[in-house]
Amino acid sequence: MTNISEEEVKWAMTCHLAGLVWIPLYWLQFPLPLVNVVIPTLIWLFKRENSEYIDFQGREALNFQITVVLYSIVLFTVGIIGFFIYLAMFGADVEDSIGAIALLTRGINQTQRIVSILMMLFSLAFALTAAVKTKKGNFYFYPFTIRVFRASS
């Protein structure tokens with residue numbers, strides 16, 4: 001494909017940038033689960049028939065956002081296990097069940113925040129790079145991405 005129109009570039013960039021919608025929502029304390037997957041999916045589904053370029057870039061963006069969700073789940077799980085290992089090794093100086101629940105809640109909350117910040121940095125770095133490359137009409141492959149949706153033959 002040599003001739004990529006401005007319209008195709010615009011929609012391909014939108015696929016990449018739509019996955020970042022969750023970031024301001026998270027910081028406004030209005031998290032919407034999987035919004036980073038749903039919006040690029042909708043754009044890709046409605047526009048993929050129009051262009052090979054949009055189809056490819058939309059598929060890449062969708063694969064990346066699914067990968068971000070999977071990495072988040074893994075990191076959160078590892079963080080919670082690490083928190084429990086920390087409690088087992090160093091103990092918790094808690095005298096009643098209310099204190100134990102508060103400690104557990106705080107540990108889970110901190111783990112969730114750390115994972116969110118890591119995933120935010122990961123998403124920003126690669127989605128913005130993808131948008132810039134797409135703006136130039138290049139085909140961008142996300143690194144560290146699980147390819148759930150492969151190119152059609």
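## Two residues of one helix

In which helix do Asp55 and Arg59 lie, and how many residues apart are they? Both are in helix α4, four residues apart, which is about one turn of the helix. The model described here is a predicted one.

The side chains of Asp55 and Arg59 meet in a salt bridge, with a distance of 2.9 Å from N to O. Asp55 and Arg59 are both buried.

## Other salt bridges

The structure holds four salt bridges. One of them joins Glu60 to Arg147, and the closest N and O atoms of this pair are 3.0 Å apart. Glu60 is in helix α4, whereas Arg147 is in the segment after α5, so the salt bridge links distant parts of the chain, 87 residues apart. Are the two partners buried or exposed, wholly or in part? Glu60 has a relative accessible area of 4% and counts as buried because this value is under 20%. Arg147 has a relative accessible area of 23% and is partly exposed, because partly exposed residues fall between the 20% and 50% limits.

Another salt bridge is formed by the side chains of Glu49 and Arg48, at 3.8 Å from N to O. Glu49 has 67% relative accessibility and counts as exposed. Arg48, at 30% relative accessibility, counts as partly exposed.

## A nonpolar patch on the surface

Which residues form a nonpolar patch on the surface? They are Leu70, Ile73, Ile146, Val148 and Phe149, and together they have about 400 Å² of accessible area.

Leu70, one of the patch residues, is in helix α4, which covers residues 52-90. The relative accessible area of Leu70 is 36%, and Leu70 is partly exposed. Leu70 can be counted in a patch because patch residues need over 30% relative accessible area.

## Phe126 and its contacts

Phe126 is located in helix α5. At 17% relative accessibility, Phe126 counts as buried, because the limit for a buried residue is under 20%.

What is Phe126 in contact with, leaving aside its neighbours within four places in sequence? The contacts are Phe64, Tyr140, Tyr142, Pro143 and Phe144.

A distance along the chain can be set beside a distance in space. Phe126 and Val115 are eleven residues apart along the chain, and their C-alpha atoms are separated by 17 Å.

Technical notes:
Residues numbered from 1 in each chain as written. Predicted model: local features only at pLDDT ≥ 70, side-chain atom pairs only at ≥ 80, totals over all residues. Heavy atoms only, no water. Patch = residues over 30% accessible without salt bridge, like charges linked within 9 Å, V, L, I, M, F, W, Y side chains within 5 Å. Areas by Shrake-Rupley, 256 points an atom, 1.4 Å probe, with all protein chains shown as cover. Helix = DSSP H or I, 4+ residues; strand = E, 2+ residues; numbered from the N terminus. Buried < 20%, exposed > 50% of the residue type's maximum accessible area, 1.4 Å probe, protein only. Contact = heavy atoms within 4.5 Å.
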